[in-house]
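Me: I should like a close look at a single part of this model, chosen for its salt bridges and its backbone. Please treat that part as one connected account, and define each term where it enters.

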Amino acid sequence: MFGRLAFLKRIKAPNGTYNFRKTTPSMVFREQPTGFFASQVATKCFRSLPKGHYVPSFRNLSTVASTGINCREGVKLLVTGGSSAQKMVGIWLFGSAAWVFSMVVLGGVTRLTRSGLSMTDWKFTGSLPPLSDEDWLHEFEKYKQSPEYKRVNKGMSIEDFKFIYWMEYAHRMWGRTLGLMFALPFSYFLRKGYITLGLGLRLSALFALGAGQGLIGWWMVKSGLEEPASEYAQPRVSPYRLAAHLTSAFAIYCGLFWTGLSVVMPEPPAESVAWVRGAAKVKRLVLPVSLLVAITAVSGAFVAGNDAGHAYNTFPKMGDTWIPEDVFDMKPLIRNFFENTSTVQLDHRILATVTLISIGTLWWSTRKLDIHPAVKSLIGSTVGMASLQVTLGISTLLSYVPVSLGTAHQAGALTLLTLMMLLNHTVRRPSLSLLKSLPQVAKTA
């Protein structure tokens, strides 16, 4: 196909008219946008063509690369329409991920202020908040019928009720606003033809998961509106449902963030074969550490669901012992790991400690590898964030879980997960055509 095409370059003559002449490939590339992405895509696609053939402009070249035509070994882009469309879609995805991050933080504040059970009903599309004193009294009367009011907040003033109601209302509306923020640009980009089939399917799955997140949230809240099994127990949501709600939010965030990275950085940073080999060695270590970080974050959801942070507010011992005597009191045995306050907190302590040691080991094992400076920087940042997260966790425990530290600890978990995702994305294997174009050793200044 390209064999029958040739580039025509306009040359303005003195009389004001334009003449056209063929240009060489080298002339074309000199006039194209520069930068890492442009150079990599151009190199890959140009190398896949037979000698003597011409290539189209860079704008067309990016579209060709995204469809895989005449660039079979090149990277497949998730967005068509050139670098401008790529940038817009990337900003949208990162903005949506940041919104989910803020939702997780707001959800943590809602839980720590015990605001989550203040709204006793739920509508998928939402509803207006109380607008008059009569409306507020009506909502307050509904809350008075809940177990939380009868056992925890009996005698609460209507002003205090308004505070927890607004917290829960803000959390719910924040999620619905995210739905609009996601759906409207998605429709626009689809209409413009920027989104490829693979990206469209991925984003549709994330949108469905986001819509289901509202249902999971109500399913969780509903468990806290039921009478506790024991008359001495405080009403609270099911730890299983809270863990499902938080894990689902983490999954949506990770999906959006990873997809955004794949849109704006279709190739990993690689300037030599030696650095690619070093990145492959790092990847073998990063994958299991990332899994450990994720498991530790989920175990934190069970700590929150069981209010385990309000027990054993000492460190490193749990009270006067290293291991409480009641860690295996529940039957069957498996229940202890999800419902026993002592076991849940002990698990989280162990997992957090092992995670910190593993990330430190990752840094120690890779410090002498010949790898890209960006990878080295990311590993160092991950070590620093892991240390900060453990410090936040211990401070939260010793301080009896204040709202500020508890929220910071939850945000820290998601930040550490973000760094691990970025590290995994940076050390992935480049395309075959990029590998062919790389020198054995990176050029140093």
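Reply:
**The loop between H10 and H11, and its salt bridges**

A salt bridge is taken here as a side-chain nitrogen of Lys or Arg within 4 Å of a carboxyl oxygen of Asp or Glu, and by this rule the count comes to nine salt bridges. The model is a predicted one, in which local features need pLDDT of at least 70 and side-chain atom pairs count only at pLDDT 80 or more, while totals for chains, interfaces and linings use all residues. Residues are numbered from 1 along each chain as its sequence is written, and side-chain values use heavy atoms, with hydrogens and water left out.

The part chosen is the loop between helix H10 (273–305) and helix H11 (336–339). Helices are DSSP runs of H or I with at least four residues, strands are DSSP runs of E with at least two, and both are numbered from the N terminus.

Aspartate 307 is a suitable starting point, since its place is in this loop. Arginine 236 forms a salt bridge with aspartate 307, with 3.7 Å between the closest N and O atoms. Arginine 236 belongs to the loop between helix H8 (197–224) and helix H9 (239–264), whereas aspartate 307 belongs to the loop between H10 and H11, so the pair ties together parts that are 71 residues apart in sequence. The C-alpha atoms of the two residues are separated by 8.8 Å. Aspartate 307 is partly exposed, with a relative accessible area of 25%; buried means under 20% relative accessible area, exposed over 50%, and partly exposed in between (1.4 Å probe, protein chains only). Arginine 236, at 37% relative accessibility, is likewise counted as partly exposed.

Contact means heavy atoms within 4.5 Å. Once neighbours within four places in sequence are set aside, aspartate 307 is in contact with Arg114 and Arg236. Arginine 114 thus enters the account from another loop, the one between helix H4 (82–112) and helix H5 (133–144). Although arginine 114 is not a glycine, its phi is positive, at about 55 degrees, and this value is taken just after H4. Arginine 114 is partly exposed, with a relative accessible area of 27%.

The helix that precedes arginine 114 can be checked for its length. The expected span of a helix is 1.5 Å times one less than its number of residues. For the 31 residues of H4 the expected span is 45 Å, and the end C-alpha atoms are 46 Å apart, which agrees.

The backbone of the chosen loop has further features. Tyrosine 312 lies in the loop between H10 and H11 and has a positive phi of about 50 degrees, although it is not a glycine. The relative accessible area of tyrosine 312 is 27%, so this residue is partly exposed. The peptide bond from phenylalanine 315 to proline 316 is cis, with omega near 5 degrees. A cis peptide bond also joins lysine 331 and proline 332, where omega is about -5 degrees; proline 332 too is placed in the loop between H10 and H11.

The surface contributes one more item. Phe328, Leu333, Ile334 and Phe337 make a nonpolar surface patch of about 380 Å², and isoleucine 334 lies in the loop between H10 and H11. Patches are made of residues with over 30% relative accessible area and no salt bridge, with like charges joined within 9 Å and nonpolar side chains (Val, Leu, Ile, Met, Phe, Trp, Tyr) within 5 Å. Accessible areas come from the Shrake-Rupley method with a 1.4 Å probe, and for residues only the protein chains shown count as cover.

Arginine 335 forms a salt bridge with glutamate 339, the closest N and O atoms being 3.1 Å apart. Arginine 335 is partly exposed at a relative accessible area of 31%, and glutamate 339 is partly exposed at 23%.

A pair within a helix may be set beside these. Arginine 172 forms a salt bridge with glutamate 168, with the closest N and O atoms 2.8 Å apart. Both residues lie in helix H7 (residues 158–192), four residues apart, about one turn of the helix. An α-helix has 3.6 residues a turn, so residues three or four places apart point the same way. Arginine 172 counts as buried at 12% relative accessibility, and glutamate 168 is buried with a relative accessible area of 5%. Elsewhere, Asp121, Glu139 and Lys142 are linked in a network of salt bridges.
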